[in-house]
Amino acid sequence: TPSQPAEECYKKGEYEKALEEYNKYLDRGIRNAELYLNIGNCYYRMGDFGRSLLYYRRGWFLDPSNENILNNISLFKKDESNPNPFISFFSGIIDKISLRVFSYLLIVSFSILVIIVSLRFIQTVKLINFPANLFMILAGLFFLFSLIGFSIWYGRVKSGWIVTTATTMAYSGPSEEFKELMRVDKAEEGSFVREDSGWWLVHFRSGEGGWIDSTAAELVIPK
């Protein structure tokens, strides 16, 4: 829950003071979507758009259905619409369910599937053929959906989702002696691949990649 002093400072336009108050909660080990949202709002008002998106993403990982967080993230999104309406619709559903919820769904769906399959093949239990097969198909689809959703979210966590917090240059190797590949602005998102001497190899969502100074980006989920 946001502190009263932080809210008052934010309303007065004293965003740096509000940020100090919110960070006290982080120092005490408190982590929740609303806190990250408020910190992101402070950075946004201060014009630090890279760290603003970073904290919105941290809040999104905890509560992907939070409308305030989703609206704020949309301010940074480029045109990433998928031409396939089915994939776009399916991705939209998965993006609004958290990794924790998918973990529960995976356990529940697997348990249901095992029970139905077991009952289906136990000779002493008489099940009508059509309903039994229908339940098996539905349970299988439920399990498949849960497995896909869990895999996507787990991949996001393990891949090391990064947000750039400073304008930098991407190089073909881990130092400025290598060839310059592209300019990277603040609030660019990508996946961390590996580190070498203070440099990160990153694949950006645009499909491009390269080595950037590790001080110019942060992991959404710190390791």
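**Reading a predicted fold, one residue at a time**

Biologist: L62 sits in helix 4. What is a helix here, and what is a strand?

Modeller: Both are DSSP runs numbered from the N terminus: helices are H or I with at least four residues, strands are E with at least two. The protein chain has 8 helices and 7 strands. Keep in mind that this is a predicted model, where local features need pLDDT of at least 70 and side-chain atom pairs count only at pLDDT 80 or more, while totals for chains, interfaces and linings use all residues. Residues are numbered from 1 along each chain as its sequence is written, and side-chain values use heavy atoms, leaving out hydrogens and water.

Biologist: Got it. Is L62 buried, partly exposed or exposed?

Modeller: The cut-offs come from relative accessible area: buried is under 20%, exposed is over 50%, and partly exposed lies in between (1.4 Å probe, protein chains only). L62 has 46%, so it counts as partly exposed. Of the 223 residues of the protein chain, 36% count as buried.

Biologist: Which residues does L62 touch, leaving out those up to four places away in sequence?

Modeller: A contact means heavy atoms within 4.5 Å. L62 touches R31, N32, A33, Y36 and S98. You can also compare sequence with space: L62 and I97 are 35 residues apart in sequence, yet 9.5 Å apart C-alpha to C-alpha. For the protein chain, residues 24 or more positions apart make up 56% of the contacts with a separation of 6 or more.

Biologist: Let's try R58, which is also in helix 4. Is R58 buried or exposed?

Modeller: Its relative accessible area is 10%, so R58 is buried. Beyond its neighbours within four places in sequence, R58 is in contact with Y36, E218, L219, V220 and P222. R58 and P222 are 164 residues apart in sequence, but their C-alpha atoms are 9.8 Å apart.

Biologist: What counts as a pocket?

Modeller: The idea is simple: rolling a probe the size of a water molecule over the atoms shows where empty space is left. On a 1 Å grid over the protein atoms alone, a pocket is an open set of points where a 1.4 Å probe fits, with protein on both sides within 12 Å along at least five of seven lines; lining residues have an atom within 4 Å of a point. Points join across faces, edges and corners, and the volume is the space filled by probe spheres set on them. The second largest pocket here has a volume of about 320 Å³. It has 14 lining residues, and R58, F61, L62, R100 and I221 are the closest to its centre. Helix 4, helix 7 (99-121) and helix 8 each supply at least two residues of that lining.

Biologist: And what is a nonpolar core?

Modeller: Nonpolar side chains tend to be buried together in soluble globular proteins. A core is a set of buried Ala, Val, Leu, Ile, Met, Phe, Trp, Tyr and Cys residues joined through side-chain atoms within 4.5 Å. The largest one here has 32 residues, and Y22, I39, Y55 and W60 touch the most other members. Elements giving two or more residues include helix 1 (4-11), helix 2 (15-27) and strand 1 (161-164). Helix 3 gives the largest share, 7 residues. I39 is in contact with L19, Y22, N23, L26 and Y55, leaving aside neighbours within four places in sequence. Another core, of 11 residues, lies apart from that one, with I162, M182, F192 and W200 among them.

Biologist: Which residue in strand 1 is worth a look?

Modeller: Try T164. With a relative accessible area of 0%, T164 is buried. Leaving out residues up to four places away in sequence, T164 touches, among others, G50, V184, A187 and F204.

Biologist: What about the phi of A187?

Modeller: Most residues other than glycine have a negative phi. A187 has a positive phi of about 65° although it is not a glycine. You'll find A187 in the loop between strand 3 (180-184) and strand 4 (189-196), and at 11% relative accessibility A187 is buried. S197 also has a positive phi, near 55°, and is in the loop between strand 4 and strand 5 (199-204). At 68% relative accessibility, S197 counts as exposed.
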